[in-house]
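Hi,

Here is the structure I said I would pass on. Have a look at it first, and then read my notes below.

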Amino acid sequence: MMCRMDHTPYRPTERPRDQRRGQATRDLYANVTVTPDQLIYPLFVLDGENQQVPVPSMPGVDQLSPDRALQTITELSARGLSRFILFGVIDPAKKDPTGSEALNPDNPVNTTLMRVADAGLDVEMSADLCFCEYTDHGHCGVLHEDPDVTVDNDATLDLLAEQALVLATCGAHVVAPSGMMDGMVGAIRQAFDQNDQPHVRILSYTVKYASAYYGPFRDAGGGAPKFGDRRGYQMDYRRDDEWLKELNADLEQGADGVMVKPAAAYLDIIRRVRDHTPAQLPVAAYHVSGEYSMLHAAAERGWVDLQSAAVETTTAIRRAGADAILTYFAPQLLDWLG
Ligand code: PBG
Ligand code: ZN
């Protein structure tokens, strides 16, 4: 039997679709945008000249010698990208238990910093500040005698302060401590204050979770722990309270910016960190290697469109509250953001 319509048809009072009709209208109403000045491009640098070594698990990402890194930075800077962060890829023969190569002014990170400074480019150079790429055991600092403790926090603080001073001397505008040591920001801030480096900023990896999404990075940087894992110092993603403690500690110790990492799986944390951080301090988010490689892997199989998915994810990170986004997609986003 047919059902006769003998009532007044329902009509909505609000019609949000009016603002979705046609590209020009959608563009007018779009109020979350990503711009090139919000992007920070990570670069992996290694010893040598004219070296460009592709990272198999990160399509489009290469390890570069300092001359090639300078070339890349020069080209991207001409295209409108002006923020870069350097990671060292260290010859295994130069690694030792304390990561002493990190303090060598001739290591690839410091060499690149000096070459960029000499070239007089108008770019902001950050340097990751950690020991995992420099230690033979691959942990983020010197080991404690108690294996349960893994990294010795306070002994590592002293070394982080030294590494920060070397980076500053070689021309880093920003140091980014990523080892999740308690007090790392305070130790670096004090070293800068006592050694006449008041202008180098500290962008702390404030809220960094122990994450499976760092896998491809560990290929790229050669910094995987040789035993155990980083859960004794990186955060536990099963907790949703710790971020505030870490944030307050870094703010008290004088961080110039705070970071959440990873990004796409932690949008809730980015939002809450943004809401609890003073307005004048930037919140950065790191769209990490695994998040990048996953999109590439799916796109290679034709399961997602790389450009659309990358733009959507980057915009979501921005919408969550990130003022700056560290992303391996940065060069492509220059084209894709239009
Ligand atoms: C090192 C460091 C890592 C990343 C940035 N700095 C790896 C780790 O903590 O194991 C990850 C970045 C990425 O996955 O893109 N402390
Ligand atoms: Zn580390």
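Let me start with M180, which counts as buried because its relative accessibility is 4%, and buried means under 20%. Keep in mind that this is a predicted model. M180 sits in the loop between β6 (174-177) and α5 (184-194). Its backbone caught my eye as well: phi of M180 is near 60 degrees, a positive value in a residue other than glycine.

N50 also has a positive phi without being a glycine, in this case near 55 degrees. You'll find N50 in the loop between β1 (39-46) and β2 (52-54). Is N50 buried or exposed? With a relative accessible area of 53%, N50 is exposed.

Two other loop spots to check in your viewer:

- P262: the peptide bond leading into it from K261 is cis, with omega near -10 degrees. P262 belongs to the loop between β8 (257-261) and α8 (267-275).
- G80: this one is in the loop between α2 (66-78) and β4 (83-89). It counts as partly exposed, at 37% relative accessibility. From G80 to T112 is 32 residues in sequence and 20 Å in space, C-alpha to C-alpha.

Next, helix α9 (residues 289-300). Its 12 residues should span 16 Å at 1.5 Å a residue, and the end C-alpha atoms are indeed 16 Å apart. Which residues of α9 are buried? They are S289, G290, E291, Y292, S293, L295, H296 and A298. What do the buried residues of α9 pack against? Their partners are α6 (215-221), β9 (283-287) and α10 (306-320). After α9 comes G302, with a positive phi near 80 degrees.

Now the whole protein. There are 11 helices and 10 strands. The radius of gyration is 22 Å, close to the 20 Å that the globule rule gives for 338 residues, so the protein is as compact as a globular protein of that length. Along the principal axes, the C-alpha atoms fill a box of roughly 85 × 45 × 40 Å. Buried residues account for 51% of the 338. Of the contacts with a separation of 6 or more, 75% are between residues 24 or more positions apart.

On the surface side, about 16300 Å² is exposed, and carbon and sulfur atoms supply 50% of that. As for charges, the protein has 30 positive and 48 negative ones, and their mean positions lie 12 Å apart.

Cheers

Technical notes:
Residues are numbered from 1 along each chain as its sequence is written. Chains are lettered from A and ligands numbered from 1 in the order in which they are written. This is a predicted model: local features need pLDDT of at least 70, side-chain atom pairs count only at pLDDT 80 or more; totals for chains, interfaces and linings use all residues. Side-chain values use heavy atoms; hydrogens and water are left out. Helices (H or I, at least four residues) and strands (E, at least two) are DSSP runs, numbered from the N terminus. The radius of gyration is taken over C-alpha atoms; the globule rule is 2.2 Å times the number of residues to the power 0.38. Buried means under 20% relative accessible area, exposed over 50%, partly exposed in between (1.4 Å probe, protein chains only). Contact means heavy atoms within 4.5 Å. Accessible areas come from the Shrake-Rupley method with a 1.4 Å probe; for residues, only the protein chains shown count as cover. Lys and Arg count as positive and Asp and Glu as negative; His and the chain ends are not counted. The place of a charge is taken as NZ of Lys, CZ of Arg, CG of Asp or CD of Glu. The expected span of a helix is 1.5 Å times one less than its number of residues.
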